[in-house]
Amino acid sequence: MEFYFPTELGEQLAFCSAAFTALAGFIMMFAPGQTFRLLGLQAQEGRPEGFGEGRSMGGFYLGFGLSAIMLAQDWIYMALGASFAMAAFARIISILSDKGSNIVNYLLLVVQIALAALPLLYVFGFTQT
């Protein structure tokens, strides 16, 4: 079985979004403490469930990104883009409702919008070949 790398620019951008998702998931799964510090979260002492949740979230991102890379299908890229679009929408709600107006939230919002846009632009045919 060969490694498939897309030849069209639009699909390459969607592929990069999936690769970044898998990389972020890998980091979250194997370094939840550093991920929590970056996001401003903290697990309670004597409660390993916090780290378990961080690793689980990382595993989901890793699995979703790798499945998009390995299968390279439009519907999977659409699901990846739609998931990040909904995550960006939830972050906007958090910024407006939870008094979360800080630089980290705005930077993560830009990242989520970019990760949503790359596969969706490809799927809906907005990128040139």
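**Reading the labels on a five-helix model**

User: Why is Val 104 called partly exposed?
Analyst: Val 104 has a relative accessible area of 37%. Buried means under 20%, exposed means over 50%, and partly exposed is the range in between (1.4 Å probe, protein chains only). The 37% of Val 104 falls in between, so Val 104 is partly exposed. Val 104 belongs to helix H5, and its C-alpha lies 34 Å from that of Thr 7, 97 residues away in sequence.

User: What kind of model is this, and how are residues and side chains treated?
Analyst: It is a predicted model, in which local features need pLDDT of at least 70 and side-chain atom pairs count only at pLDDT 80 or more, while totals for chains, interfaces and linings use all residues. Residues are numbered from 1 along each chain as its sequence is written, and side-chain values use heavy atoms, with hydrogens and water left out.

User: What makes up the protein, in helices and strands?
Analyst: The protein has five helices and zero strands, giving the pattern α-α-α-α-α along the sequence. These are DSSP runs numbered from the N terminus (H or I for helices, at least four residues; E for strands, at least two). Its C-alpha atoms fill a box of roughly 50 × 40 × 20 Å along the principal axes, and 32% of the 129 residues count as buried.

User: How do you know that H3 and H4 are roughly antiparallel?
Analyst: The axes of H3 (residues 49–71) and H4 (residues 74–97) cross at roughly 150° and come within 9 Å. The axes are lines fitted to C-alpha atoms over the stretch in contact, with angles from 0 to 180 degrees between N-to-C directions. Under 35 degrees counts as roughly parallel, over 145 as roughly antiparallel, 65 to 115 as roughly perpendicular and the rest as oblique. At roughly 150°, H3 and H4 are therefore roughly antiparallel.

User: What is the handedness of the crossing of H3 and H4?
Analyst: That crossing is left-handed. The word applies when the near helix is turned anticlockwise from the far one by less than a right angle, with right-handed for clockwise.

User: At what angle do H4 and H5 pack?
Analyst: H4 and H5 pack at about 155°, with axes 8 Å apart. That angle makes H4 roughly antiparallel to H5. H4 also passes H5 in a left-handed crossing.

User: Why does Ala 72 count as buried?
Analyst: Ala 72 has 15% relative accessibility, so it counts as buried. Ala 72 sits in the loop between H3 and H4, and its phi is near 50°, a positive value in a residue other than glycine.

User: Why is Lys 99 called exposed?
Analyst: Lys 99 has a relative accessible area of 81%, so the label is exposed. Lys 99 is in the loop between H4 and H5 (103–123). Its phi is near 55°, again a positive value in a residue other than glycine.

User: What makes Pro 119 count as buried?
Analyst: Pro 119 has 0% relative accessibility, and so it counts as buried. Pro 119 is found in helix H5. Its C-alpha is 8.8 Å from that of Ala 79, although the two are 40 residues apart along the chain.

User: How do you know that Ser 94 is partly exposed?
Analyst: The relative accessible area of Ser 94 is 22%, so Ser 94 is partly exposed. Ser 94 lies in helix H4. Ser 94 and Gly 50 are 44 residues apart in sequence, with 21 Å between their C-alpha atoms.

User: Why does Met 29 count as partly exposed?
Analyst: Met 29 stands at 23% relative accessibility, so it takes the partly exposed label. Met 29 lies in helix H1, and its C-alpha is 33 Å from that of Thr 127, 98 residues away along the chain.

User: Which residues make the nonpolar surface patch?
Analyst: Leu 23, Phe 26, Ile 27 and Phe 30 make this patch of about 410 Å². Patch residues have over 30% relative accessible area and no salt bridge; nonpolar side chains (Val, Leu, Ile, Met, Phe, Trp, Tyr) are joined within 5 Å, and like charges within 9 Å. A salt bridge puts a side-chain nitrogen of Lys or Arg within 4 Å of a carboxyl oxygen of Asp or Glu. Areas come from the Shrake-Rupley method with a 1.4 Å probe, and for residues only the protein chains shown count as cover. Ile 27 lies in helix H1 (residues 9–30) and counts as partly exposed at 43% relative accessibility, a value over the 30% asked of patch residues.
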